[in-house]
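Subject: Salt bridges in the structure

Hello,

Here is the structure for you to open. My notes on its salt bridges follow below.

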Amino acid sequence: MKYGIQNLIKKIHHQIPPGLRNYYRFLIVLIKRISNYIMPLWHYKLKNIESGEPFSFVYIGWDSKLCNYWLNRFSDCDKINAKSGKIASWSIPKFLDNNKDKIDLAIIESTKKAVSGKYPFSFLLPRWMEMELDIASSLKKSRIKNITRNIKKYSLEYEVRDDAEAFNLFYHRMYKPFVLTRHGKSADISDYKHFFSKFRNDECVLFFIIRENEPVAAAFIEVKEAGHRLSAFGIKDGSDEIFKLGVIGALYYFVMLHYYGKGFSSILVGSSMAVVFDGVTEFKMQIGAEPHLDDLPERPKYYFLPMNNKPQMVRTLKTNPLFYLTNGGLNIATFISSADYSNKADFLKFFKRFKSDKVEKTNMFFLDDDKRIVNWINEEGVKDVEISRYK
């Protein structure tokens, strides 16, 4: 919601005569309330590139960047066409019921009672999820050893800088190009003022990766009373060649090492998508990051509703394990075909990819017979796993 509404509010603000701007706050509240009831609806028709199988995806909400994020997750599909309209929040259940045979997946920005409890497979996801590293344990991870090998191989070093020239280099030459290159239409780019106000008030630290005496990448660290937060990265000119040197991993490593030497035990490493195999989320988990649970209840949320078990829907579910919210806390939903695992070692390797100590339970939704995997889970003594059948 925030992106479309914020742009609308900005446009209106500039058109309001100065004498009427006392009513601006009231207008903001009114627009936001209306936006909770009348929402954009996008209906995308996709087609699997290999099989030609159609796939129907509905997105209801204001957040176009989240919509584009999920469209990008369907990398095995071509987009055929898209239709748009508006829908009242109270009409969403009826719309889904009337179109349940025509929709494969629906994603709906949280509208309280609109879909809650009505569908057997509805998952409430946080829009973003803060991640946190325990520095001592993270420095022992095997992925960190790979990072340090790259640091030695490419002679990477780091510097901490705090001058205006360094800030502008970070924002204009590194941060914006990198985010646009990596995320395209789903890129969430904070404006210059957002960063500069923190820089001007000494609320940040800039870490630069140096190679051959030249800065090639940087990280923006927010300085907070409760701890420090690694909140943004940049790579010079968004260069893929520099990215392949492992500079992002090097930034994580140097930041951890720096603050560990100053007596810090943990550091926040920014927001991630609630999709376990999202590239950023999975990388953070590989170096030891876990969901930071304190602020999850206040985060924006959305519903993820798979509507059937057609082949394309099944492929989407299997490749996108989800962090989702329940009254009991944070869980993981993963969708499994037993036939995909020829032996226990293969399954345990897969299970290790999404194991997290901060979730209440891992819910495995089986798409076929689950007996073999249940036996493997019991043999390994795996706890906090709930077995269900996806029908």
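Which residue forms a salt bridge with R299, and how far apart are the closest N and O atoms? The partner is D295, and the atoms are 3.0 Å apart. Please keep in mind that this is a predicted model.

R299 counts as buried, because its relative accessibility is 15% and the cut-off for buried is under 20%. D295 counts as partly exposed, at 24%.

Next, D340 and K318. They form a salt bridge with the closest N and O atoms 2.7 Å apart. The pair links distant parts of the chain. D340 sits in the loop between strand 15 (329-336) and helix 13 (344-354). K318 is in helix 12, and the two residues are 22 apart in sequence. Both are partly exposed: D340 has a relative accessible area of 43%, and K318 comes in at 22%.

R299 and D295 also belong to a network. Salt bridges with shared partners join them to E130, K198, E222 and R229.

Then there is R315 with D76. Their closest N and O atoms are 3.8 Å apart, and they form a salt bridge. R315 lies in helix 12 (residues 311-318), while D76 is in the loop between helix 3 (64-73) and strand 3 (77-88), so this pair ties together parts that are 239 residues apart in sequence. R315 is partly exposed, with a relative accessible area of 30%. D76 is partly exposed too, at 28%.

The total count is 18 salt bridges.

Best wishes

Notes:
Residues numbered from 1 in each chain as written. Predicted model: local features only at pLDDT ≥ 70, side-chain atom pairs only at ≥ 80, totals over all residues. Heavy atoms only, no water. Salt bridge = Lys/Arg side-chain N within 4 Å of Asp/Glu carboxyl O. Helix = DSSP H or I, 4+ residues; strand = E, 2+ residues; numbered from the N terminus. Buried < 20%, exposed > 50% of the residue type's maximum accessible area, 1.4 Å probe, protein only.
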